[in-house]
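Me: I would like a close look at one part of this model, followed by an account of the rest that connects to it. Please keep it plain.

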Amino acid sequence: MATRKTSSDDLLGPVTLAVGQEDLLLDRAVREVVAAARAADADTDVRDLTSDQLQPGSLAELTSPSLFAERKVLIVRNAQDLSAESVKDVKGYLDAPVEDISLVLLHAGGAKGKGLLDAARKAGAREVACPKTTKPAERLSFVRQEFRTLGRSATPEACQALVDSIGSDLRELASAVTQLTADVDGTIDEAVVGRYYTGRAEASSFNVADRAVEGRAAEALEALRWSLSTGVAPVLITSALAQGVRAIGKLSSARGGRPADLARELGMPPWKIDRVRQQMRGWTPDGVAIALRAVAEADAGVKGGGDDPEYALEKAVVAVARAARARRE
């Protein structure tokens, strides 16, 4: 047996620890190790196990020397759910890993199974962060990084349009980026995204919100009905409406300045500052307050406080669009 000290980017290190709950990132962490192992040895033996499949005592058998001395990758999913006996086995293995075996532990993070998490870190495991993306800004950052990884350029508007169109599923976002980079030459812009995903863009909650805060009630209602008919959750629409109105309220009360300065002050990307500036032309402070109340009422309605979520959304969309025209009327 041999203990190897490796750098954090050594895919063939003895232990890789993938921490988080984002399935796409966890799967990528596994694929990277397997690909590196098979590049070193095409006959690499890969064993992919769930926590309940790693029974007490089985780790010793799985990591025992092979008659043919081939490289191995041993993957343990949901490591936080391992039994106490199996955790003891893994901790013992971490103290003396076997050469030419790469152990990949997938751990959700958090308090459950923290002892194993700490032990793997103490042993010098290569760690890969796989956090669940819960915020629109995180998904936008993910899309930008996907384009960079593929060596392609996409405008900020294109990245935002893709997030608005696809939604929160990272697998679908990654697939969309891959398709666009394969099909389109040069810089990918918003028009390109629109051509590929126009149906989804029309169904997105953010498209409903954009039309509403621009005062375009008829178009907003049309987008709303399309969204609901294609399965967009009502709560996502109220969330998008609230974000749109709040952005207008923030920018209207902010000090003047360059988009970059305002972006830092308000926590928005510079391109969004320009978009919100165009959308806020008909708004007044009273209009923002009225719209926020209407959205809050709709949010309560779609979360069980009303009998007809669709009507609650339609009422909110009309109220927001009307508030957007207050200064013009």
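Which residues in H9 meet which residues in H10?

Reply: The model is a predicted one. On the H9 side the residues are Asn207, Val208, Arg211 and Ala212, and they meet Glu219, Ala220, Ala223, Leu224 and Ser227 of H10. Sorted by class, this contact of H9 with H10 is made of 5 nonpolar, 2 polar and 2 charged residues.

As for geometry, H9 covers residues 205-213 and H10 covers residues 217-229. Their axes lie 8 Å apart and the packing angle is about 165°. Because angles over 145 degrees count as roughly antiparallel, H9 is roughly antiparallel to H10. The crossing of H9 past H10 is left-handed.

H10 also takes part in a salt bridge, through Arg225. The partner of Arg225 is Glu314, with 3.6 Å between the closest N and O atoms. Glu314 belongs to helix H15 (residues 309-324) and Arg225 to helix H10, so this pair links distant parts of the chain, 89 residues apart. Both ends are partly exposed: Glu314 has 24% relative accessibility, and Arg225 has a relative accessible area of 47%.

That salt bridge belongs to a wider set, since the structure holds 15 of them. Side chains of opposite charge can pair when their charged atoms come close. Two further pairs involve helix H1, which spans residues 23-40.

In one of these, Arg77 pairs with Asp27, and the closest N and O atoms are 3.4 Å apart. Asp27 is in H1 while Arg77 sits in the loop between E3 and H3, so the salt bridge ties together parts separated by 50 residues in sequence. Arg77 is partly exposed, at a relative accessible area of 22%. The pair is also part of a network in which salt bridges with shared partners join Asp27, Asp48, Arg77 and Arg171.

In the other, Arg126 and Glu32 meet through their side chains, at 3.7 Å from N to O. Arg126 is in strand E5 (residues 126-130) and Glu32 is in helix H1, so parts 94 residues apart in sequence are tied together. The two ends fall into separate accessibility classes: Arg126 counts as buried at 8% relative accessibility, whereas Glu32 counts as partly exposed at 40%.

Arg126 leads on to strand E1, because Arg126 is among the residues in contact with Thr16, and a contact means heavy atoms within 4.5 Å. Thr16 is part of strand E1, residues 15-20. Beyond its neighbours within four places in sequence, Thr16 also touches Val33, Leu103, Val104, Leu105 and Val128. Thr16 counts as buried, with 1% relative accessibility.

Two loop residues remain, each with a backbone feature to note. Asn78 is not a glycine, yet its phi is positive, at about 50°. Asn78 lies in the loop between strand E3 (72-76) and helix H3 (84-95), the loop that also holds Arg77. With a relative accessible area of 39%, Asn78 is partly exposed. Asp100, again a residue other than glycine, has a positive phi near 70°. Asp100 is located in the loop between H3 and strand E4 (101-107). Asp100 too is partly exposed, with a relative accessible area of 30%.

Definitions and conventions. Residues are numbered from 1 along each chain as its sequence is written. This is a predicted model: local features need pLDDT of at least 70, side-chain atom pairs count only at pLDDT 80 or more; totals for chains, interfaces and linings use all residues. Side-chain values use heavy atoms; hydrogens and water are left out. Helices (H or I, at least four residues) and strands (E, at least two) are DSSP runs, numbered from the N terminus. Buried means under 20% relative accessible area, exposed over 50%, partly exposed in between (1.4 Å probe, protein chains only). Axes are lines fitted to C-alpha atoms, for helices over the stretch in contact, and angles run from 0 to 180 degrees between N-to-C directions. Angles under 35 degrees count as roughly parallel, over 145 as roughly antiparallel, 65 to 115 as roughly perpendicular and the rest as oblique. A crossing is left-handed if the near helix is turned anticlockwise from the far one by less than a right angle, and right-handed if clockwise. Ala, Val, Leu, Ile, Met, Phe, Trp, Tyr, Cys and Pro count as nonpolar, Asp, Glu, Lys and Arg as charged, and the others, Gly among them, as polar. A salt bridge is a side-chain nitrogen of Lys or Arg within 4 Å of a carboxyl oxygen of Asp or Glu.
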